[in-house]
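I opened the notebook today to look up where the ligand sits and which open and closed spaces the protein has.

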Amino acid sequence: MKKILIIVVLLAVVAGGIYWLSKTISPKGANKAANKATPVIVGFSLGDTITERWLSKDLPLFTEKVEQLGGAVNQVVANNNVDTQITQIRNLISQGVKVIVIVASDSQKLAPVVAEAHAAGVKVLAYDRMISNSDLDMYVSFDNVKVGQLEAQSVLDKVYKGNFAYIGGSPTDNNASLVKQGSMAVLDSKIKNGDIKLVVDKFMNNWDPTLAYQTVKEYLASGKTLDAVVSANDGMAYGVIKALQEKGLAGKVPVSGQDADLAACQRIIAGTQTSTVYKPINSEAYKAAEMAVALAKGETPEANNTTNNGKIDVPSFLLEPVSVNKDNLMATVVKDGFQSYSAIFNQPAK
Ligand code: BGC
């Protein structure tokens with residue numbers, strides 16, 4: 001009996017030991033231990049804080065994914081000032097991050113600091129906005145030309161001729177040019193045959209809603225009529241609609257936008273904004289996070305496209321935007337949980 005007891009105890013000890021060993025040396029366990037010891041540090045440099053999406057969606061979603069993958073994010077935020085952004089990127093390089101993800105405050109001015117990162121062995125991923133003339137490792141964005149097409153088309157579906165205003169994004173943001181290119185491709189033949197007169201055609205520094213407001217207010221003060229506004233994003237649509245409201249024109253003049261901002265969804269329901277372009281930002285942020293972590297580990301993430309930035313064909317991952325109006329808001333933005341039903345209907349509208 002005593003012998004049997006000893007054998008049972010011995011067997012239990014051996015089995016326990018084998019279990020412990022298997023946990024310690026299994027690849028999963030090994031990875032976890034390595035992650036804990038040296039997590040991949042990803043730098044995130046945000047160059048724009050005026051528009052709602054960046055701090056409320058992009059940064060938290062990106063961080064969540066990197067952390068799920070066992071990494072950590074060092075974030076820096078430059079308030080639309082490119083010199084501040086350059087200094088902050090240099091700091092990230094000197095902190096020893098393996099990869100830097102950049103939302104450029106100026107698409108033209110960051111190529112030298114991308115070169116500095118590379119010289120230090122740091123990979124660079126351009127997030128949402130291209131960095132021109134640089135040796136980028138990766139670019140993750142939406143099809144921005146299509147965004148512009150959808151904006152103009154949604155307005156054209158309501159009014160097919162007359163006085164149109166084009167309220168463009170920041171002249172230093174490559175996306176602003178791509179979006180405009182898309183919108184103009186849709187409007188071009190009607191501008192040429194005289195059906196559409198482009199009475200305002202301006203880029204707004206920093207995609208600034210206040211500038212958009214002032215521009216439309218000024219135009220309307222001249223007493224001329226306005227039949228439609230193609231606004232490049234929702235923040236500026238807010239400014240445009242405020243100016244229209246002051247003249248009793250809100251809801252009468254179609255206005256586009258992009259981003260599916262909460263306030264824009266509320267205006268679409270209220271009938272003062274015609275459309276927005278919904279870009280599922282979680283897909284963009286998660287994809288960029290996965291790619292950044294892969295780059296940091298020396299892997300080559302899979303692209304679905306290439307985009308020329310004036311210097312090279314940058315391996316790119318481009319996602320599809322979706323046109324949204326009153327009819328499909330529920331089936332898209334709300335269904336995906338991008339904006340909640342209760343926030344749209346229960347929070348005070350802006
Ligand atoms: C983004 C838009 C955003 C705009 C202003 C663009 O680069 O693609 O989603 O509305 O910047 O922040």
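The entries below go from the ligand to the cavities and then to the pockets.

Entry 1, ground rules. I am working with a predicted model, in which local features need pLDDT of at least 70 and side-chain atom pairs count only at pLDDT 80 or more, while totals for chains, interfaces and linings use all residues. Residues are numbered from 1 along each chain as its sequence is written, and side-chain values use heavy atoms, with hydrogens and water left out.

Entry 2, the ligand shell. I looked up the residues around the ligand (a residue is near if one of its heavy atoms lies within 4 Å) and found 13, of which D48, R53, D128, D173 and D259 come nearest. I sorted this shell into two nonpolar, four polar and seven charged residues, where Ala, Val, Leu, Ile, Met, Phe, Trp, Tyr, Cys and Pro count as nonpolar, Asp, Glu, Lys and Arg as charged, and the others, Gly among them, as polar. Domain 2 (41-142 + 282-319) and domain 3 (144-279 + 323-346) each supply at least three residues of the shell, with bounds that come from an automatic or database domain assignment.

Entry 3, atom pairs and cover. I then checked distances from polar side-chain atoms to oxygen atoms of the ligand: R53 has one at 2.7 Å, D48 has one at 2.8 Å, and N233 has an N or O atom at 2.9 Å. The protein covers 100% of the 310 Å² of accessible area that the ligand has on its own (Shrake-Rupley method, 1.4 Å probe).

Entry 4, closed space. I noted that the ligand takes up the space of the largest cavity, a cavity being a set of points on a 1 Å grid over the protein atoms alone where a 1.4 Å probe fits but cannot get out. This largest cavity has a volume of about 110 Å³, as the space filled by probe spheres set on the points. Its lining has 15 residues (an atom within 4 Å of a point), and R53, W54, R129, W207 and Q258 are the closest to its centre.

Entry 5, open space. For pockets, open sets with protein on both sides within 12 Å along at least five of seven lines, I recorded about 250 Å³ in the largest. Its 16 lining residues include K158, Q273, T274, S275 and N325, which lie nearest its centre.

Terms used. Polar contact = N/O pair within 3.5 Å; in protein donor to acceptor, adjacent residues only side chain to side chain. Sits in = over half its atoms within 2 Å of the grid points.
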